Amino acid sequence: MDNRIKCPFCGYEGEPKDFEYMYESVLYMTNHEVLREERERPVLVICPRCRKGFFLEDPYSRIKEKG
Ligand SMILES: [Zn+2]
């Protein structure tokens with residue numbers, strides 16, 4: 001099974017253990033509506049090369065649904 005993660009910013013590709021992970025709860029403090037989804041906090045993945053964070057899933061598609 002292909003478990004590799006690819007950074008959408010710099011294109012770095014590696015195994016999950018190569019990346020760092022962060023629960024970016026701070027993002028959600030700005031929007032109280034999202035707080036009820038706390039139990040499925042998305043994990044912010046930090047790219048070891050460019051140090052940018054991104055989500056494995058696409059939480060933005062969920063936000064877009066809300067309009
Ligand atoms: Zn990167």
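**Group meeting: five strands, then a helix**

Reading from the N terminus, the chain's elements go β-β-β-β-β-α. That makes 5 strands and 1 helix. This is a predicted model, so let me start with confidence. Mean pLDDT for the chain is 75. Residues reaching 70 or more make up 54%. The elements are uneven. Strand 2, residues 13–14, has the highest mean pLDDT among them, at 96. Helix 1, residues 59–65, has the lowest, at 57. Keep that in mind when you look at the C-terminal helix on screen.

Next, burial. The chain has 67 residues, and 4% of them count as buried. Now contacts. Take the ones between residues at least 6 apart in sequence: 49% of those join residues at least 24 apart.

On to the sheet. Three strands form it, in the order 3-4-5. The sheet is open, and the pairing is antiparallel. Strand 3 and strand 5, which covers 53–55, are the edges. Each of them pairs on one side only. From one strand to the next, the twist averages 35°.

Look at the pairing of strand 3 with strand 4. Strand 4 is residues 44–46, and the two strands share 3 bridges in the antiparallel sense. Within that pairing, Y21 sits opposite V45 of strand 4.

Stay in strand 3 and pick M22. The strand covers residues 20–22, and M22 belongs to it. Is M22 buried or exposed? Exposed, because its count is 11 other C-beta atoms within 10 Å, and 12 or fewer is the cut-off for that class. What does M22 contact, beyond its neighbours within four places in sequence? L44, I46 and G53. One more distance for M22. P42 is 20 residues away in sequence, and the C-alpha to C-alpha separation is 9.0 Å.

Now the loop between strand 4 and strand 5. Two arginines there deserve a look. R49 is in that loop, and so is R51.

R49 first. It is partly exposed, with 14 other C-beta atoms within 10 Å. Setting aside residues up to four places away in sequence, R49 touches C7, C10 and Y12. Its C-alpha is also 9.8 Å from that of D18, and those two residues are 31 apart along the chain.

Then R51. This residue is exposed, because 11 other C-beta atoms lie within 10 Å. What stands out in its backbone is phi. For R51, phi is near 65°, a positive value in a residue other than glycine. As background, most residues other than glycine have a negative phi. If you are checking backbone torsions, R51 is the place to click.

Last stop: strand 2, where we find G14. How many C-beta neighbours does G14 have inside 10 Å? The count is 14, so G14 is partly exposed. Its contacts, not counting residues up to four places away in sequence, are R4, I5 and F19. N3 is 11 residues from G14 along the chain, and their C-alpha atoms are separated by 8.8 Å.

To recap. The sheet runs 3-4-5, antiparallel and open. M22 is exposed in this model, while R49 is partly exposed. R51 carries the positive phi. And among the elements, helix 1 has the lowest mean pLDDT. Over to you.

Definitions and conventions. Residues numbered from 1 in each chain as written. Predicted model: local features only at pLDDT ≥ 70, side-chain atom pairs only at ≥ 80, totals over all residues. Helix = DSSP H or I, 4+ residues; strand = E, 2+ residues; numbered from the N terminus. Buried ≥ 20, exposed ≤ 12 C-beta atoms within 10 Å, placed from the backbone. Contact = placed C-beta atoms within 7 Å. Pairing = 2+ DSSP bridges. Axes fitted to C-alpha atoms, helices over the stretch in contact; angles between N-to-C directions. pLDDT = per-residue confidence, 0-100.
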